[in-house]
Amino acid sequence: MDEIVKQAMRRWPNVPHCFGWLALDARGAWWMRDARAQACGAFTSGAPGAKGARLLHEGLQRFVQRNYQPDERGRWFFQNGPQRVFVELEAAPLIWRILPDGEVQSHDWQAAGGTIDGAFVDEHGRLFLHSPRALGLVHSQDMLAAADAIEAGRLPLPEEVRFASLPQRFGYVLSPQAQHTTEPGKT
């Protein structure tokens, strides 16, 4: 976490959390969801305008990614100074890239954090990998490299799973906003 963020947290310790305004898609892109986008529906609804605006500023992307982490309830957030901005997830908290040397790296440029200890294919043919850090979806452009790594024994053989089972099994929340709305009084 950036030092400037830690300083802001100490200076303003009671800033309310923010829900619904930031999202991560299945390709590792960040989306800003203003009130207009949120009024169109949930991030994953497919409704026109619901995704919001893609975050394209590289410096802001790097700032978000350096300060991106989970809380104790499995809700991933971006610590924006003193405010936690909870992230709507399209598929998983991390999007894995398979580098040319075979290393697995997340969309926020961090190594998998140890060995990949599980691989899972859902009913849509998407490949998820689990590491000590978290569960992540393999980027669609890296499926061939992942298949080669599985065949070579560098990644585990995938287990078939239902997508809906993954958040509970791996302890993450796809929509902190929906959870927050159904649990009044909780932060």
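## Salt bridges and cysteines

At 27% relative accessible area, Glu90 is partly exposed. The model is predicted, and the values below are computed from it. Lys51 is also partly exposed, at 29%.

Glu90 and Lys51 are joined through their side chains by a salt bridge, with an N to O distance of 3.8 Å. The two residues lie 39 residues apart and tie together distant parts of the chain. Lys51 sits in the loop between α2 (35-40) and β3 (53-54), while Glu90 sits in the loop between β6 (83-89) and β7 (94-98). The pair counts as a salt bridge because the cut-off between the nitrogen and the carboxyl oxygen is 4 Å.

In total, the structure has eight salt bridges. Another of them pairs the side chains of Asp142 and Arg97, at 2.6 Å from N to O. Here too the link is between distant parts of the chain, 45 residues apart: Arg97 belongs to strand β7, and Asp142 to the loop between β11 (135-138) and α4 (143-151). The relative accessible area of Asp142 is 9%, so this residue is buried. Arg97, at 28%, is partly exposed.

Arg133 and Asp108 also form a salt bridge, with 2.6 Å between N and O. Their positions are 25 residues apart, in distant parts of the chain. Arg133 is found in the loop between β10 (127-130) and β11, and Asp108 in the loop between β8 (104-106) and β9 (118-121). Asp108 is buried, with 5% relative accessible area. Arg133 has 23% and is partly exposed, because the cut-off for buried is under 20%.

The table lists these three pairs.

| Salt bridge | N to O distance | Separation along the chain |
|---|---|---|
| Lys51 and Glu90 | 3.8 Å | 39 residues |
| Asp142 and Arg97 | 2.6 Å | 45 residues |
| Arg133 and Asp108 | 2.6 Å | 25 residues |

A disulfide is another kind of link, a covalent bond that joins the sulfur atoms of two cysteines. How many disulfides does the structure hold? The count is zero. No pair of cysteine sulfur atoms therefore comes within 2.5 Å, the cut-off for a disulfide.

The chain does contain cysteines, among them Cys18 and Cys40. Is Cys18 buried or exposed? Its relative accessibility is 14%, so Cys18 counts as buried. Cys40, with a relative accessible area of 34%, is partly exposed.

Note on methods
Residues numbered from 1 in each chain as written. Predicted model: local features only at pLDDT ≥ 70, side-chain atom pairs only at ≥ 80, totals over all residues. Heavy atoms only, no water. Helix = DSSP H or I, 4+ residues; strand = E, 2+ residues; numbered from the N terminus. Buried < 20%, exposed > 50% of the residue type's maximum accessible area, 1.4 Å probe, protein only.
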